[in-house]
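Please open the model in your viewer and keep the sequence panel beside it. This tour goes from one selection to the next and says what to look for at each stop.

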Amino acid sequence: MRLRSRTQRKVADRAARVVMVPAALAGIAVLAWILWEVISRGAGALNLDFFTQLPTPPGMEGGGLANAILGTLLMTVLATVIGTPVGLMAGIYLAEFGTTSRLATAVRFTTNLLMGTPSIIVGIFVYALIVLRTGHFSGWAGGVALAILMLPVVLRTTEDMLNLVPDELRESALALGAPRWRATLTVVFRAAKTGLVTGILLAVARVSGETAPLLFTALNSFYWPETISEPTANLTVTIFNYAMSPYADWQQKAWGASLLITVGILIVTVLSRFTLRDRKSRTWSR
Amino acid sequence: MNRAGSAEEARSLPSKVSVRNLNFYYGGQQALFDNNIDIPEKRVTAIIGPSGCGKSTHIRVYNRIYELYRTHRAEGQVVIDGKNILLPSVDLIDLRKRVGMIFQRPTPFPMTIFDNIAYGLKLHYRVGRTELSDRVEDALKRGALWDEVKDKLGEPANALSGGQQQRLCIARAIATEPELILMDEPCSAIDPVATAKIEDLIQTLRDNYTVVLVTHNMQQAARVSDFTAFFYKGYIIEFGATKQIFTNPAERETEDYITGRFG
Ligand SMILES: Nc1ncnc2c1ncn2[C@@H]1O[C@H](COP(=O)(O)OP(=O)(O)OP(=O)(O)O)[C@@H](O)[C@H]1O
Ligand SMILES: [Mg+2]
């Protein structure tokens with residue numbers, strides 16, 4: 001055996017850099033380009049009316065997308081209210097109780113499948129399940145579709161975060177005489193809290209930009225979402241409709257809505273980063 | 001300072017725990033072989049032996065904490081206060097109230113100092129607010145931590161130093177009034193000054209509790225324990241008064257270990 005020569009190693013190192021650094025830069029460049037386009041074309045559309053007024057009829061200037069903003073918020077909240085508890089509980093089951101059981105393995109496998117399922121398929125599924133049954137598009141259906149998309153994200157992060165909690169902490173609670181469920185809820189869950197919040201925020205960020213599932217469920221509307229039992233206005237389908245329209249005013253509003261969603265997702269993602277950093281600086285011991 | 005027990009005393013003292021033919025398995029792998037031992041009541045018993053010899057495995061049977069893991073299995077008898085606690089009919093919550101445990105790394109719960117101590121109390125007792133704070137104060141005093149934390153009971157327990165966290169865990173275990181306290185290398189993650197404080201604390205615990213202390217530190221065993229058991233490869237090789245084990249061991253393996261020839 002001979003030692004590898006230093007020059008050989010150096011050359012390999014150089015070559016790797018020559019390939020990877022441009023790849024990384026290309027990724028950043030594309031992202032910057034998208035951001036630039038969205039900001040430069042969308043910023044002009046954002047004024048007070050955009051946030052407070054209903055849309056105007058086709059071809060008429062002015063108006064806003066207040067109803068779509070409200071509708072998107074409503075359905076995201078609805079999805080969070082449905083998806084989070086189910087995801088949290090299933091995640092607790094996987095990490096704390098099921099572990100290696102057959103049911104747990106099956107749930108894990110299904111979750112991976114669901115994670116990789118194109119969102120349009122979830123949209124069609126909810127269309128068949130709710131829209132066809134009830135006979136009309138609705139905000140409910142939209143919220144349910146988004147909830148299904150959130151579920152695997154919340155579930156996996158919950159399981160991962162609970163697995164990060166050291167066994168000694170569980171054992172300490174049990175050794176004091178705590179029943180298993182109580183140890184889980186009062187000690188283990190609390191130790192993983194910030195990680196769980198991160199998972200929920202990431203799931204919210206993931207679904208808030210979805211279009212396809214809403215196209216089949218909530219559809220869209222020009223009016224205020226007075227109840228969510230009817231077609232409900234939302235930003236993403238509005239972007240889809242407006243961007244395809246021949247009207248310059250609508251196209252500009254589509255850019256404005258794109259900017260709004262991008263900023264919204266950015267804020268949620270940054271928030272989740274912050275909670276994560278918080279978690280790292282205050283690990284459970286020392 | 002050490003009222004070390006004698007061989008005669010070991011036989012005459014009532015035993016808190018009587019272990020008979022205890023075998024322990026991690027899945028298919030056996031870790032304890034035919035363990036037999038009588039732990040004297042209201043004394044400190046040290047468990048020593050080389051790494052991997054089964055010290056932790058042995059004491060983790062006393063509160064059946066190993067049952068958290070499906071594949072871990074114990075066979076034989078562990079009689080505490082006249083009752084075999086390995087029987088399925090035993091109420092685990094009641095058992096764990098009577099048998100406290102301290103771990104190698106401090107395990108403060110992610111809550112305030114006060115709530116850490118109150119946690120165990122609230123599990124087992126219905127207590128009003130004033131009684132609760134009296135009990136918390138009492139436990140922290142017995143854990144030799146009160147003076148250091150009395151002004152910051154509302155702060156997160158994670159903010160304490162490692163040694164303080166470990167005394168907090170001891171106070172938390174004491175708060176529920178256990179009779180037997182198991183300690184698995186409680187000083188291995190903390191500095192010498194903090195270790196000395198915990199050793200002093202263990203000395204005072206002896207008056208009211210039975211203590212089983214797993215330790216790698218031979219001087220510590222000699223300093224704080226009345227009786228010592230030497231474990232080797234899953235077997236209990238020798239058990240007796242600490243003084244006798246350290247000055248005149250009966251078995252060659254024991255002698256080799258305490259003179260530092262292996263381990
Ligand atoms: N969870 C586990 N699964 C399988 N084997 C285990 C497990 N825990 C311990 N063992 C094995 O059982 C034996 C006894 O381990 P144990 O932890 O009781 O030793 P110990 O005396 O406490 O050692 P140390 O001084 O290093 O803490 C070792 O051979 C170890 O490899
Ligand atoms: Mg050990």
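Before the first selection, note that the bounds of a domain, as the word is used here, come from an automatic or database domain assignment. Please also keep in mind throughout that this is a predicted model.

**Stop 1: chain A as a whole**

Select chain A and colour it by secondary structure, and you should find twelve helices and zero strands. Following the sequence from its start, you meet the pattern α-α-α-α-α-α-α-α-α-α-α-α. Turn the chain slowly, and compare what you see with the extent of its C-alpha trace, which spans about 75 × 60 × 35 Å along the principal axes. Of the 286 residues in chain A, 41% are buried. If you consider contacts in chain A between residues at least 6 apart in sequence, 74% of them join residues that are at least 24 apart.

**Stop 2: the two domains of chain A**

Now colour residues 6-45 as domain 1 and residues 48-281 as domain 2, which is how chain A is divided. How far apart do the C-alpha centres of domain 1 and domain 2 of chain A lie? The distance between these centres is 30 Å. Where the two domains meet, the contact takes seven residues from domain 1 of chain A and eight residues from domain 2 of chain A. On the side of domain 1 of chain A that touches domain 2 of chain A, four residues are nonpolar, two are polar and one is charged.

**Stop 3: a single residue, L73(A)**

Next, select L73(A), which you will find in helix α3, residues 66-98 of chain A. Is L73(A) buried, exposed or partly exposed? Because L73(A) has 15 C-beta neighbours inside 10 Å, it counts as partly exposed; the partly exposed class lies between the 12 or fewer neighbours of an exposed residue and the 20 or more of a buried one. Add R273(A) to the selection and draw a distance between the C-alpha atoms, which are 22 Å apart in space, while the two residues are 200 apart in sequence.

**Stop 4: where chain A meets chain B**

Show both chains together and look at the place where 18 residues of chain A are in contact with 25 residues of chain B. On the chain A side, helices α7 (167-175) and α8 (180-191) each supply at least two residues, and α7(A) gives the largest share, with seven residues. By character, the residues on this side of chain A divide into nine nonpolar, three polar and six charged.

**Stop 5: the open sheet of chain B**

Hide chain A and select the six strands of chain B that form an open sheet of mixed pairing, in the order β6-β7-β8-β3-β9-β10. At its edges are β6 (99-102) and β10 (235-241) of chain B, each of which pairs on one side only. Looking along the sheet, you can follow a twist that averages 15° from one strand to the next. Strands of a sheet pair through backbone hydrogen bonds, and they can do so in a parallel or an antiparallel sense.

Select β3(B) and β8(B), which pair in the parallel sense over four bridges, with A46(B) standing opposite L213(B) in β8(B). β3(B) and β9(B) also pair in the parallel sense over four bridges, and here A46(B) stands opposite T228(B) in β9(B). By contrast, β9 (residues 227-232) of chain B and β10(B) pair in the antiparallel sense over six bridges, and F231(B) has I236(B) in β10(B) as its bridge partner.

Stay with β3(B) and show its side chains: V44(B), A46(B) and I48(B) point one way, whereas T45(B) and I47(B) point the other way. Five of the five residues of β3(B) are buried, so this strand is largely enclosed by the rest of the structure.

**Stop 6: a helix across the sheet, and ligand 1**

Add α2(B), which lies across β3 (44-48), β6, β7 (180-184), β8 (210-214) and β9 of chain B and runs at about 155° to β7(B). Finally, select ligand 1 and the residues around it, among them Y26(B), G54(B), K55(B), S56(B), T57(B) and H216(B). Both β2 (29-40) and α2 (55-62) of chain B give two or more residues to this shell, and α2(B) provides the largest share, three residues. The residues of the shell around ligand 1 divide into three nonpolar, eight polar and one charged.

Technical notes:
Residues numbered from 1 in each chain as written. Chains lettered and ligands numbered in written order. Predicted model: local features only at pLDDT ≥ 70, side-chain atom pairs only at ≥ 80, totals over all residues. Nonpolar A, V, L, I, M, F, W, Y, C, P; charged D, E, K, R; others polar. Near = placed C-beta within 6 Å. Pairing = 2+ DSSP bridges. Axes fitted to C-alpha atoms, helices over the stretch in contact; angles between N-to-C directions.
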